[in-house]
Amino acid sequence: MKLLLSYLIFPGFLFSACIGLFAGWVDRKVTARIQYRVGPPWYQNFMDIVKLLHKEIIIPEGARLTFLFAPFLGLLSVVLMSTILGRSLNIYASGFSGDLIVIVYLLVMPAIAMIIGASSSENPLASIGASREIKAVLAYELPFILSIIAIIVKSGGSIRIGSILNHQAFAGSNIASFSGALAFIVVLFSIQAKLCFVPFDASEAEQELMAGTLIEYSGLPLAMFKLTKAILLYALPVFLIVLFMGKDISPIFLIGKYILILVSIILIKNTNPRLRIDQTLRFFWGPMAVLAVLALGLTLFGL
Amino acid sequence: MSLKIKALTKSLWVFHAATSPCNNCDIEVLDLFTPRHDIERFGMTLVGSVRHADVLVVTGVPNYKTKERLKKLYSQVSKPCLVVAIGNCACGRIMFKESYNSPCPVDEVVPVDVYIPGCPPKPEAMIAGIVKLINKLKAKEKK
Ligand code: SF4
């Protein structure tokens, strides 16, 4: 019962969705201010979701069952991820051994859900989007996992979030060392790609692919994908804080660091043009992978 | 006012269907998203896919080809969907009325909710039209 509550309300679905939708508004507002516009009111993203819930659901002719199954997969796994993350943040001891690995796996699920849904919709543009998404996943997972391994080595081979936090509380934040800073840069760009934000959003390119992977979705399933995105926007920066800036995670500091990371993601998004998918691949397997390997090497020497 | 109508009026997503206009109206539509007018203040955004749309903005006189496309587009939108005809062309075909290539005006192909005349209409006029559309929705709800 208590587990179910924590999955559905705090720190699971309801809480993380609210924070995520609000963060989505921050994104739109900051973008608007950068372009000298006013931007939408604060409740905008909530309104979008409520409106989508009332729209007709269209299932294209020839779509498979997985078309409707995919949004559930994405949303459920991302909620599970944010619950595990939130609980291990709340009380250090409530995590279990290996929760870091579970989170890393669950973080791939939204992208996989997207690929499954898009490729079962029988739309040519969606299938181009899906193929780009697959390439993007292959691109960013390598440096992402390498730099997480660097963090694991740094905190004494522990794969529990609680003990990574404990280690940082005694030895200082991971970002304060050379290897930690390098790994931080790599993970920052990787979560940019995980969120499908602008330099790496070739799979959802509005101008060329007309929303790409999401093109056939309408109504409730689209709302679920939007919610998945929103929860990711809440959970990924928190994950970054846990891994790299975990020295002091009292609520005030946590919110401050969250806003810092959120705004830097938004600034990267607004100051870069979209990369082609081959450029994305080259970027992640070239400079980013080298940086991640470098970070891993430096941690082995204890820097 | 029910939550459904409130949410709909606060977040209208616009899909732009150009049925052979002279492109002048299209440019004026895009003007609405620039800093001076910025209708994202009211929650409106341009969407890429017609499945996500709440408002179908139609510009231009349909000809034999685009007429069929427009009909198809309207049948692909998830309802409720509103249609706005922008420009004299879409409202009443003006000088193209006798043209060999203009079978019918827009409102014989799809049900139009708001007409915004002008050649091209000013962005202010379009915003006024959208406000009328929202008021119409609210009035319909009250009945
Ligand atoms: S109404 Fe005027 S500006 Fe608009 S498409 Fe027609 S001719 Fe062009």
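Which residue is at the centre of the kink in α5(A)? Keep that in mind as you open the viewer, and remember that this is a predicted model.

**Stop 1: a helix with a kink**

Start in chain A and select residues 99-119, which make up helix α5. You'll be looking at 21 residues that reach 31 Å from the first C-alpha to the last, close to the 30 Å expected at 1.5 Å a residue. Now colour A:Pro110: the kink is centred on this residue, and the bend is about 30°.

**Stop 2: an enclosed space**

Stay with A:Pro110, as it takes us to the next sight. Rolling a probe the size of a water molecule over the atoms shows where empty space is left. Searching the whole structure this way turns up four cavities of 30 Å³ or more. The largest cavity has a volume of about 130 Å³, and its lining is made of 13 residues. Select A:Pro110, A:Ala111, A:Lys194, A:Lys229 and A:Leu232, since these are the lining residues that lie nearest the centre of the largest cavity.

Which helix gives the largest share of the lining of the largest cavity? That's α10(A), with five residues. Show residues 220-244 of chain A to see α10, then add α5 and α6 (124-154); each of these three helices supplies at least two residues of that lining.

**Stop 3: an open pocket**

Next up is the second largest pocket, with a volume of about 550 Å³. It is lined by 20 residues, and those closest to its centre are A:Phe15, A:Ile19, A:Tyr234, A:Leu254 and A:Ile255. To see what's around them, show α2 (13-34), α4 (66-90), α10 and α11 (251-270) of chain A, the elements that give two or more residues to the lining of this pocket. Give α11(A) a bright colour: its seven residues are the largest share of the lining of the second largest pocket.

**Stop 4: the sheet in chain B**

Time to hop over to chain B. Five strands here form an open sheet with parallel pairing, in the order β2-β1-β3-β4-β5. Which strands are the edge strands? Select 45-46 for β2(B) and 114-116 for β5(B): each of these pairs on one side only.

Zoom in on β5(B) and add residues 82-86, which are β4(B); the two strands run parallel and three bridges join them. Pick out B:Ala85 and you'll find B:Tyr115 of β5(B) standing opposite.

Now bring in residues 64-76, helix α3 of chain B. This helix lies across β1 (13-18), β3 (55-59) and β4 of chain B, and runs at about 165° to β1(B).

**Stop 5: oddities in the loops**

Follow the chain from α3 to β4 of chain B and you'll meet B:Pro80 in the loop between them. A cis peptide bond joins this proline to B:Lys79, with omega about 0°. Go on to the loop between β5 and α5 (123-142) of chain B, where B:Pro120 lies. Here a cis peptide bond joins B:Cys119 and B:Pro120, with omega about -10°.

Last, select B:Asp38, in the loop between α2 (24-31) and β2 of chain B. Its phi is near 40°, a positive value in a residue other than glycine.

Note on methods. Residues are numbered from 1 along each chain as its sequence is written. Chains are lettered from A and ligands numbered from 1 in the order in which they are written. This is a predicted model: local features need pLDDT of at least 70, side-chain atom pairs count only at pLDDT 80 or more; totals for chains, interfaces and linings use all residues. Side-chain values use heavy atoms; hydrogens and water are left out. Helices (H or I, at least four residues) and strands (E, at least two) are DSSP runs, numbered from the N terminus. The expected span of a helix is 1.5 Å times one less than its number of residues. The bend at a residue is the angle between axes fitted to the seven residues ending there and the seven starting there. Two strands pair if DSSP finds at least two bridges between them. Contact means heavy atoms within 4.5 Å. Axes are lines fitted to C-alpha atoms, for helices over the stretch in contact, and angles run from 0 to 180 degrees between N-to-C directions. On a 1 Å grid over the protein atoms alone, a cavity is a set of points where a 1.4 Å probe fits but cannot get out, and a pocket is an open set with protein on both sides within 12 Å along at least five of seven lines; lining residues have an atom within 4 Å of a point. Grid points are joined across faces, edges and corners, and a volume is the space filled by probe spheres set on the points.
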